[in-house]
Amino acid sequence: MNLLTTIVSEAQQIATDDYVGFTFFVGCMAMMAASAFFFLSMNSFDRKWRTSILVSGLITFIAAVHYWYMRDYWGSFGESPTFFRYVDWVLTVPLMCVEFYLILKVAGAKKSLMWKLILLSVVMLVTGYLGEAVYREQAQIWGLISGIAYFAIVYEIWLGSAKKLAVKAGGAVLQAHKMLCWFVLVGWAIYPLGYMAGTPGWYDGLNGLSMDVIYNIGDAINKIGFGLVVYNLAVNATANTSEA
Ligand SMILES: *C/C=C(C)/C=C/C=C(C)/C=C/C1=C(C)CCCC1(C)C
């Protein structure tokens, strides 16, 4: 069977009220399209922005591959593909931390900043996984620890050394940094909501919502949005240098 007939027969299997299956399917396509867009645009930018655009494309590409499997897993078992979900995140979220480092390099960002953000993101995700998949009865505690790591990331980029570097860089970099900060503060806050919808705890009222739909919406906004902010920065910065 070729790819198109596979896709068509998959689409026919998704019931009209299966929002989870639908968002996995659309998410997969959107991630693929975004990857093609980022990869194909790469060479139109100054050399120093190409790595950033490459990383944007890698983030959506890695997600596209995982969505392909998650869509299939959901279609076959009707269960949350928690393992694939967290493997995806543990690869893509550190890459988002790399993006912060890459755009702040012009202001002299050091690798230690990158590793600090990566470490915090791994702590956030590993503890989240433990609460969601391994120690579900203690989901609240693991979620809390994960949330603390999340706030440490928010602090670092909004007020910590990353912020100082962004101010030092100024112009288009500062603007892009601010946008990315908003993505982390508001866009990433979608995930704890999904977690609360899918695990037991004091927040049981949220259980009517679908964890997977919430995560899928979060991924589309954050992965593609993040990439577009970086793309926009490369467009602006490249235009400025060619004017000068
Ligand atoms: C592309 C994927 C992204 C940007 C995933 C981000 C995930 C998070 C910010 C997850 C955060 C969590 C908490 C803050 C507490 C509960 C457990 C998590 C892992 C869902």
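M29 is partly exposed in this predicted model, with a relative accessible area of 28%. That value sits in the band between the two cut-offs, since buried means under 20% and exposed means over 50%. M29 belongs to helix 2, which spans residues 19-41. If you would like a distance to check in your viewer, try M29 and G208: their C-alpha atoms are separated by 27 Å, and the two residues are 179 apart along the chain.

Two other residues make a useful contrast with M29. S52, in helix 3 (residues 47-77), has a relative accessibility of 2% and therefore counts as buried. Which residues touch S52, once neighbours within four places in sequence are set aside? They are E99, L102 and V230. D212 lies in helix 10, residues 211-243, and its relative accessibility of 3% makes D212 buried as well. With neighbours within four places again left out, D212 is in contact with V20, F24, W74, S80, P81 and R85.

Now let us turn to how helices pack. Two packed helices are described by the angle between their axes and the distance between the axes. Take helix 5 (residues 111-134) and helix 6 (residues 139-158): their axes come within 8 Å and cross at roughly 160°. Angles over 145 degrees count as roughly antiparallel, so helix 5 and helix 6 are roughly antiparallel to each other. The crossing of helix 5 past helix 6 is left-handed. On the helix 5 side, the residues that meet helix 6 include L113, L117, L120, M124 and G128. Among their counterparts in helix 6 are W142, I145, A149, Y150 and I153. Sorted by class, this contact of helix 5 with helix 6 has 14 nonpolar, five polar and two charged residues.

Next comes helix 7, residues 161-169, where the buried residues are A162, L165 and A166. Why are these residues said to lie on the same side of helix 7? Because they cover an arc of only 100° around the axis. There is a general pattern to keep in mind here: an α-helix has 3.6 residues a turn, so residues three or four places apart point the same way. On the other side of helix 7, K164 and K168 are exposed. The buried residues of helix 7 pack against helix 4 (82-104), helix 5, helix 6 and helix 8 (171-187).

Two of those partners deserve a closer look. Helix 6 and helix 7 have axes 4 Å apart and pack at an angle of about 25°, and are therefore roughly parallel to each other. E156, I157 and W158 of helix 6 make this contact with S161, A162 and K163 of helix 7. By class, the contact of helix 6 with helix 7 has three nonpolar, one polar and two charged residues.

Just after helix 7, G170 takes a positive phi of about 65°. Following the chain onward brings us to helix 8, whose axis comes within 6 Å of that of helix 7, with a crossing angle of roughly 145°. Here A162, K163, A166, V167 and A169 in helix 7 meet G171, V173, L174 and H177 in helix 8. By class, the contact of helix 7 with helix 8 has six nonpolar, two polar and one charged residues. A162 is worth selecting in your viewer: this residue is buried, meets helix 8 and takes part in the contact with helix 6.

Note on methods: Residues numbered from 1 in each chain as written. Predicted model: local features only at pLDDT ≥ 70, side-chain atom pairs only at ≥ 80, totals over all residues. Heavy atoms only, no water. Axes fitted to C-alpha atoms, helices over the stretch in contact; angles between N-to-C directions. Helix = DSSP H or I, 4+ residues; strand = E, 2+ residues; numbered from the N terminus. Parallel < 35°, antiparallel > 145°, perpendicular 65-115°, else oblique. Left-handed = near helix turned anticlockwise from the far one by under 90°. Contact = heavy atoms within 4.5 Å. Nonpolar A, V, L, I, M, F, W, Y, C, P; charged D, E, K, R; others polar. Buried < 20%, exposed > 50% of the residue type's maximum accessible area, 1.4 Å probe, protein only. Arc of directions from axis to C-beta.
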